Amino acid sequence: CDNNRSADNPTPEQPGQSEPPPPPTRGSLIVSPPERLASYTPDQLLAAVQAGSAAGKLLEFIVDPACTVDVHYLRYNTVDPVDAPTTASGALMVPNGADPACQGGRPILLYAHGAVIERSFNIANITDPASAEGLLVALAFAARGYIVVAPNYAGFDASTLDYHPYLHAAQQANDAVDALIAARSALPTRFAPTVTDVGKLFLTGYSQGGFVAMATHRLLQER
């Protein structure tokens, strides 16, 4: 007899075999709720700015920070340039405090950082001198009532991607949108239960981050 099996008679599934699990949902949190790294009063943020540093030189443009800032560490699922699953991380900065600007429904600001070369870069570690940009963002935006979402980008910090797809518009836009989805799913936090997303979104960035912000804006318009 013929032992060859045709397409009409496929080999039966062996015991113990199963379908591979589906890929993680994009924008889902890896750690939920995200860890709160620290909480900073306006005075503590101002004191962290070293005189003569890049942050210090811009301090004169930052007017009246009013809010305490809770800095949370986001880890979330996203995709690489060929849409394969990977992970990324970033910061969620939530305003808090008695001032009306620090409570209730608040706008979200998605911030894309400038080019960095150190794989260990983590914008959520705002007291690290290597993350002066994160400190400025906390002072200029979160301490004035914006909920800030700031991705590190795939390939940095705890990302499982072993390289950074620099200026890859589609991937970086996907990454930023996934960070936004992850951050929104974490709101409100137990530390600031009255602070919620009011439905207004702003995008901005510096250097490479300007490119990322524009690519992200285009992606959001296309959806």
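Which residues does Ala-115 touch, not counting residues up to four places away in sequence? The answer is Tyr-166, Ser-207 and Gln-208. Keep in mind that this is a predicted model. Besides that loop residue, here's a quick tour of the nonpolar cores, helix α3 and the one cavity of 30 Å³ or more that the structure holds.

**Ala-115 and its surroundings**

- You'll find Ala-115 in the loop that runs between β4 and α3 (132-140).
- Ala-115 has a relative accessibility of 46%, so it counts as partly exposed: the buried label needs a value under 20%, and the exposed label one over 50%.
- Tyr-166, one of the residues that Ala-115 touches, sits 51 residues away from Ala-115 in sequence, yet their C-alpha atoms are 8.5 Å apart in space.

**The nonpolar cores**

- The largest nonpolar core is made of 27 residues.
- Leu-45, Val-69, Val-71, Met-93, Tyr-111, Ile-126 and Val-148 are the ones with the most contacts inside this core.
- At least two core residues come from each of β1 (35-40), β2 (68-79), β3 (85-96), β4, α3 and β5 (147-151).
- The top contributor is α3, which gives four residues.
- There's also a second, separate core of 19 residues, with Val-94, Ile-108, Ala-176 and Val-195 among them.
- As background, nonpolar side chains in soluble globular proteins tend to be buried together.

**Met-93 up close**

- Leaving out residues up to four places away in sequence, Met-93 touches a long list of partners, including Val-69, Val-71, Ile-126 and Val-148.
- Those four are also on the list of residues with the most contacts inside the largest core, as is Met-93 itself.
- From α3, Met-93 meets Gly-134, Val-137 and Ala-138, and these three are buried.
- Other contacts of Met-93 include Asp-70, Ile-123, Ala-142, Tyr-146 and Ile-147.

**Helix α3**

- Seven of the nine residues in α3 are buried, which leaves the helix mostly covered.
- The buried ones are Glu-133, Gly-134, Leu-135, Leu-136, Val-137, Ala-138 and Leu-139.

**The cavity**

- The largest cavity holds about 40 Å³ of space.
- Its lining consists of Leu-110, Tyr-111, Ala-112, Pro-151, Ala-176, Leu-203, Thr-204, Val-212, Ala-213 and Thr-216.
- β4 (105-112), β6 (196-205) and α5 (208-222) are the elements that each give two or more residues to that lining.
- Sorted by class, the lining has eight nonpolar residues, two polar ones and no charged ones.
- Two of the lining residues turn up in the cores as well: Tyr-111 in the largest one and Ala-176 in the second.

Methods: Residues are numbered from 1 along each chain as its sequence is written. This is a predicted model: local features need pLDDT of at least 70, side-chain atom pairs count only at pLDDT 80 or more; totals for chains, interfaces and linings use all residues. Side-chain values use heavy atoms; hydrogens and water are left out. On a 1 Å grid over the protein atoms alone, a cavity is a set of points where a 1.4 Å probe fits but cannot get out, and a pocket is an open set with protein on both sides within 12 Å along at least five of seven lines; lining residues have an atom within 4 Å of a point. Grid points are joined across faces, edges and corners, and a volume is the space filled by probe spheres set on the points. Ala, Val, Leu, Ile, Met, Phe, Trp, Tyr, Cys and Pro count as nonpolar, Asp, Glu, Lys and Arg as charged, and the others, Gly among them, as polar. Buried means under 20% relative accessible area, exposed over 50%, partly exposed in between (1.4 Å probe, protein chains only). Contact means heavy atoms within 4.5 Å. A nonpolar core is a set of buried Ala, Val, Leu, Ile, Met, Phe, Trp, Tyr and Cys residues joined through side-chain atoms within 4.5 Å.
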